[in-house]
Each structure stands twice: as C-alpha cells, then as structure tokens.
Amino acid sequence: MLFCRKIPTRTPIYISCRSRLPALCRFLSTATDTSASKPFYITTPIFYPNAAPHIGHLYSLVTADIFARFTRISEPDRLVHFLTGTDEHGLKIQKAAKDRGIEPTVLCDALSEQFRRLGNRANISNTVFLRTTEARHREAVEHVWRTLTAQDLIYKGTYSGWYSISDECFYTDSQITHLPSSLNPVSIETGSAVEWSSESNYKFRLSSFQERLLDYYTTNPKSIYPSAHRERLIQTLKDEPLDDLSISRPRERLSWGIPVPGDMSHTMYVWFDALTVYLTGVGFPAEQQGSLWPPKIQVIGKDIVRFHALYLPAMLLAMGMPLSHTLLAHAHWTAQQRKMSKSIGNVADPFDAMNAWGVDAVRFYMARVGGRFRDDVDWSPEQLEKHADEIRSLLGNFFLRITSRTIQKRVASVPQLTFVQLLDRSLDGPNGDVLSSLRSLKGRVEQCMEKFEVGDALDAIILVLREANGALTHTAPWSIQSPPEAAQVSYLLSLEVLRVTGICLQPFIPEAARNLLDALAVPKAERNMDAAAVGKGSVGEVKGVKLFEGKREIASGGQ
C-alpha cells in the first residue's frame with residue numbers, strides 16, 4: 001500500500017485555530033449523521049482497469065448492491081445513491097497503453113466498458129458510473145488540491161525509497177523483503193516487485209491529522225467493519241507516527257494523470273486523484289454542503305483500508321467535511337487457497353461464472369459463502385454448483401411443488417380459506433414450527449443486515465425454506481392419504497413462506513425474487529420489508545413459473 005516516508009521540516013508545523021476549529025466543529029457535528037431523511041450514499045472501490053474484471057471486482061459490486069437494494073425495500077421513501085466506476089490514471093495504465101502501441105484514453109475506454117458491462121450483467125443497481133478521466137472529476141480534484149494548498153497542507157519535498165509499479169505505491173524499508181528467488185526486493189504485503197526511486201514531489205501533511213484520526217476511530221466503533229481492521233488501525237495510530245504523504249510524481253515519469261495546478265511539471269498521484277472520486281460522485285465542489293455526503297457505507301477490499309481510513313479522512317478533515325459512516329472492508333477470494341494470479345492461471349472469470357450458472361446463483365454463492373467478510377474464501381466451481389443447487393431446490397423446486405395442479409385441485413375441493421383466517425387457528429407439528437420461524441424472519445434479517453452479517457441473513461432465510469420444504473414433504477398435500485383440509489393448510493402456509501422469503505431475498509437474488517413475487521401476484525407496494533411480517537401482505541392469482549436460469553456449459557473466456 002501507498003506509504004511515504006515523512007520528510008522533516010526545519011520548523012514545527014502549527015495549525016491555526018482560527019482556520020481549523022470551525023472545520024473540526026462541523027466535522028464533529030455531522031460525522032455520524034444517520035438521519036433516515038438523509039439519502040443513503042453507498043460506494044464501491046473505483047476499479048483500476050489495467051486488465052479485465054475478475055471475481056474480486058464482482059464481489060465488491062454484489063456486496064454494495066445487496067446493501068443498496070436492502071435499503072430500498074427497508075426505507076422505500078429514502079433516496080439511494082450508489083456509486084461505482086473506474087480509476088483510469090496512473091503508471092500502470094500508461095505502461096500498458098505504451099506496450100500495446102495505443103493512447104491511454106483508448107485503452108481506458110475499452111477496459112472501462114468491460115467494468116460497466118460487468119455491472120449490467122450482474123444486475124447491479126448503481127445510480128452513478130464515474131470515470132476519473134471525466135472533466136467533472138478533474139474539476140473536483142483540482143479544487144481539493146487548491147483547498148489544501150491554501151491551508152499550507154501541501155508542500156514540495158524530495159522522496160527516496162521503494163516504489164512498486166504494479167501496486168502504484170511507495171513502500172518503506174520495513175514493508176519490503178529480499179527473497180532468494182527474486183532479483184529485486186518485493187512488498188511483504190502484496191509480493192510485488194519494488195525498485196529504488198528518488199524524486200522531487202509534492203507532499204500532504206498527513207502527520208498533522210494523527211491525533212484527530214485516532215480520536216475519531218477510538219470514539220466511533222462502527223467506523224470500520226470488520227472491527228479487527230479498526231483495532232489494528234487504532235494500534236498503528238498509537239504506536240507509529242504518520243508520515244507525510246507523497247501526492248505527485250514528476251511528469252517525465254508519469255504523464256497520464258491530472259497535472260498539479262500551477263505546476264505542469266508534476267502529475268497528481270493516482271491515489272490522491274482516485275480518492276476524490278467519492279466527492280465527485282455527489283456533485284463536489286458545487287454541492288459541498290449537499291445532502292448526499294457523507295457515504296453511509298463504503299465497500300472496499302481489505303488491502304486498501306489505509307487509503308480509505310487514513311488518507312481520505314485526513315483530506316476531508318482538512319476541508320471541514322464529515323467522514324464516511326462505515327468502511328466495510330471485505331476479505332478476498334482465493335483459488336485453491338492461493339491468491340488469484342494470471343501467471344499461476346487460477347483467475348476466475350466472472351462473466352464465465354454468470355454465463356454458466358446464472359447471475360442469481362453466482363450472487364447467492366458470493367453472499368452465502370463470502371458474506372461475513374472477515375476471512376478470505378476460496379472460489380470453487382464445486383461449491384458454487386452446490387450452493388446453486390441449494391437455492392434452486394429450496395426455493396425454485398419448492399415453488400413448483402406447491403403450485404402443482406394436483407395440489408391446487410385438492411385445495412379447491414374444500415371451502416376457501418385465507419391465510420389471515422388460518423392464523424386464527426393453532427398450528428402444531430412441522431407447520432407450527434415453520435410458522436414460528438417465519439414470524440421471526442423479518443426481524444432476524446433486519447438485525448443481521450444492520451450488523452453487516454450478510455451471510456447470517458441468508459442463513460436465516462435458508463433455514464425457514466428448509467423447514468418449509470420438510471413440512472411440505474411431511475404433510476404430502478398431493479397425496480390422497482392427506483385430507484384436503486390439511487392440504488389447504490400446507491398450501492396457504494407454503495405460499496406465505498414464499499411471499500415473505502421472496503421479499504427478503506430481493507437484495508440477494510433480485511431476478512429470481514422478482515420472478516417469484518410476480519408469480520405470486522404480490523402487489524408492487526407490498527414488496528418492502530414492512531410487508532415481510534407474517535400476514536401483512538397478500539398473494540393474488542398464483543402462476544407456476546421457472547425462477548432460475550439453468551446451468552449451461554460454455555467455452556472458457558466467454559463474456
């Protein structure tokens with residue numbers, strides 16, 4: 001990760017109370033604003049399009065989309081602003097374009113479109129797709145630079161240290177190691193090769209914000225999830241002095257980027273540029289006091305916590321702007337317990353996966369297996385197949401079973417009963433167990449989502465579906481051995497299970513959930529979480545349909 005050695009200054013750095021305190025007061029008063037009337041702003045990392053999208057990019061997108069969709073059904077009147085996009089400047093893009101003999105903008109256009117297509121294919125509901133090569137973003141970045149310069153928070157110095165082209169960041173001596181198998185030293189964290197670099201550049205006085213950052217993370221337990229990242233960050237802030245941050249590179253080395261305002265001989269560093277995109281996405285600088293900022297959730301990978309938990313917050317503090325409410329730092333996907341790598345040949349293609357198993361099956365697998373965010377998880381076609389079969393069976397086959405003509409004919413042979421009327425009766429045995437679990441499902445899902453436990457929320461839904469499938473098998477309403485009255489109870493309870501779980505599953509498997517709720521003729525106004533309470537919604541004329549795409553064999557590399 002980017003880490004720049006602090007350059008000593010000849011005199012101490014003094015922060016003017018006159019210029020700093022109003023900004024700090026504004027920060028303290030608004031940093032944890034969670035008013036329901038405020039729009040819900042959620043972001044993904046801004047993806048670096050130096051290569052085709054991989055499973056990790058899809059993971060970030062799906063994770064953010066789940067929370068965006070859940071907010072829409074939990075608070076239907078609340079605006080959801082969902083940003084994703086591509087970070088298109090930097091040395092890697094410059095080098096990749098040169099190697100291909102094309103202009104960087106041509107390369108960025110092609111690769112950025114692949115990320116846009118990934119979002120469309122995965123049914124991601126983002127409201128903004130922002131590219132850092134857009135004019136509006138350049139305006140925002142230049143405004144941030146000038147604002148920090150006006151406060152004497154940017155100065156020119158010299159940097160000598162280790163630099164990784166592939167990671168686009170500087171490393172200190174303690175962050176690199178010398179391997180016997182490698183001619184060049186490598187980053188301890190990423191394994192990327194580093195080279196010695198000495199150059200003149202501009203620096204941001206990150207060291208001036210150490211105490212304020214420590215105070216913020218100490219007093220805001222929900223600021224980073226999982227909490228282990230926050231705890232490590234607090235310990236780092238206590239134990240190690242923050243070094244000032246290199247935020248430019250000489251233009252003869254890095255030409256593909258935004259020039260430093262007032263100094264065309266330097267290019268803004270890619271991370272300073274990229275981190276500002278979250279502000280650009282809400283109309284900054286024109287909307288500095290707009291209602292969209294700050295983000296409620298910023299979904300990031302665990303490898304970029306430092307950038308989003310130290311560098312961006314320091315920039316925001318300097319401008320008197322509130323910090324993001326929660327950084328959700330997810331773990332990584334591996335293959336055969338190894339980091340995915342093109343050289344190893346174990347990179348999983350997200351387009352191939354969705355084309356083979358279907359979009360909702362892949363989304364379900366990612367949320368079910370990767371929805372706890374703490375530990376790396378292994379991408380496995382066998383496990384994907386297993387979980388795809390699980391949801392198709394417990395939901396898709398369950399729906400087809402209960403809507404069979406045989407059951408519907410048996411139910412029609414007795415006086416009609418509504419589910420609300422059924423609730424006046426006492427259900428025992430397996431049906432009673434199902435009803436009890438179903439009554440608590442809404443609260444359980446809401447509680448899990450509030451705690452960022454996506455996997456546990458799905459576990460609760462799957463448990464109800466598993467119990468309902470078992471109860472249906474036990475009652476066997478299709479059998480002449482089962483009285484028509486018992487068949488009717490089983491039918492009505494199963495439809496209510498499908499209605500409630502269908503509502504709860506909308507954030508996770510949106511297409512299948514929509515197919516299900518349409519087939520149940522659930523009114524659009526009754527597809528929110530309020531209606532997920534037992535007996536709170538209605539089912540219309542039921543039609544049997546297939547809920548999921550079937551598995552297809554495809555050629556490798558298909559998109």
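Where is Pro 285 found? In this predicted model, Pro 285 is found in the loop between α9 and β14. The peptide bond that leads into Pro 285 from Phe 284 is cis. Its omega is near 5 degrees. A cis peptide bond also joins Tyr 225 and Pro 226, with omega at about -5 degrees. Pro 226 sits in the loop between β9 (224-225) and α7 (227-239).

Confidence in the prediction was examined next. The average pLDDT of the protein is 89. A score of at least 70 is reached by 91% of the residues. Over residues 1-32, pLDDT stays under 50. The model has 72 contacts for these residues beyond four places in sequence. Residues 554-559 also have a pLDDT below 50. That stretch has 15 contacts in the model beyond near neighbours in sequence. Where pLDDT is low, predicted coordinates should not be read in detail.

The description now turns to the sheet. Six strands form an open sheet with parallel pairing. Their order is β3-β2-β1-β14-β15-β9. Strands β3 and β9 are the edge strands, and each pairs on one side only. Strand β14 lies between β1 and β15 in this order. With strand β1 (residues 40-43), β14 pairs in the parallel sense over 2 bridges. Thr 43 has Gln 298 of β14 as its bridge partner. With strand β15 (residues 326-330), β14 runs parallel and is joined by 5 bridges. Here Gln 298 stands opposite Leu 327 of β15. Strand β14, helix α10 (residues 305-318) and β15 together make a right-handed β-α-β unit.

Why is strand β14 described as largely enclosed by the rest of the structure? Burial supplies the reason. The strand covers residues 297-301, and 5 of its 5 residues are buried, so β14 is largely enclosed. In a regular strand, side chains alternate between the two faces of the sheet. Both faces of β14 are covered. On one side, Ile 297, Val 299 and Gly 301 are buried. On the other side, Gln 298 and Ile 300 are buried.

Nonpolar residues were then grouped into cores. The largest nonpolar core has 103 residues. Trp 379, Leu 395 and Phe 508 have the most contacts inside this core. Trp 379 touches many residues that are not close in sequence, among them Ile 55, Trp 333, Met 340, Val 362, Tyr 365 and Leu 384. Residues up to four places away from Trp 379 are not counted here. A second, separate core has 78 residues. Its members include Tyr 41, Tyr 216, Val 277 and Tyr 311.

Two residues in helices were examined singly. His 57 has its place in helix α2 (residues 55-74). Is His 57 buried or exposed? His 57 counts as buried because its relative accessibility is 11%, and the cut-off for burial is under 20%. The side chain of His 57 reaches the backbone nitrogen of His 54 at 2.9 Å. Leaving aside neighbours within four places in sequence, His 57 is in contact with Phe 47, Ala 52, Phe 115 and Leu 118. Thr 280 is found in helix α9 (residues 277-280). Thr 280 is buried, with a relative accessible area of 3%. Not counting residues up to four places away in sequence, Thr 280 touches Leu 130, Arg 136, His 137 and Ala 140.

Two loop residues complete the account. Asn 123 is not a glycine, yet its phi is positive, at about 65 degrees. Asn 123 lies in the loop between α4 (104-121) and β3 (128-131). With a relative accessible area of 26%, Asn 123 is partly exposed. Ala 476 is not a glycine either, and it has a positive phi of about 50 degrees. Ala 476 is found in the loop between α17 (454-475) and α18 (484-504). At 16% relative accessibility, Ala 476 counts as buried.

Technical notes:
Residues numbered from 1 in each chain as written. Predicted model: local features only at pLDDT ≥ 70, side-chain atom pairs only at ≥ 80, totals over all residues. Heavy atoms only, no water. pLDDT = per-residue confidence, 0-100. Contact = heavy atoms within 4.5 Å. Helix = DSSP H or I, 4+ residues; strand = E, 2+ residues; numbered from the N terminus. Buried < 20%, exposed > 50% of the residue type's maximum accessible area, 1.4 Å probe, protein only. Polar contact = N/O pair within 3.5 Å; in protein donor to acceptor, adjacent residues only side chain to side chain. Core = buried A, V, L, I, M, F, W, Y, C linked by side-chain atoms within 4.5 Å. Pairing = 2+ DSSP bridges. Right-handed = clockwise from strand over helix to strand, strands pointing away.
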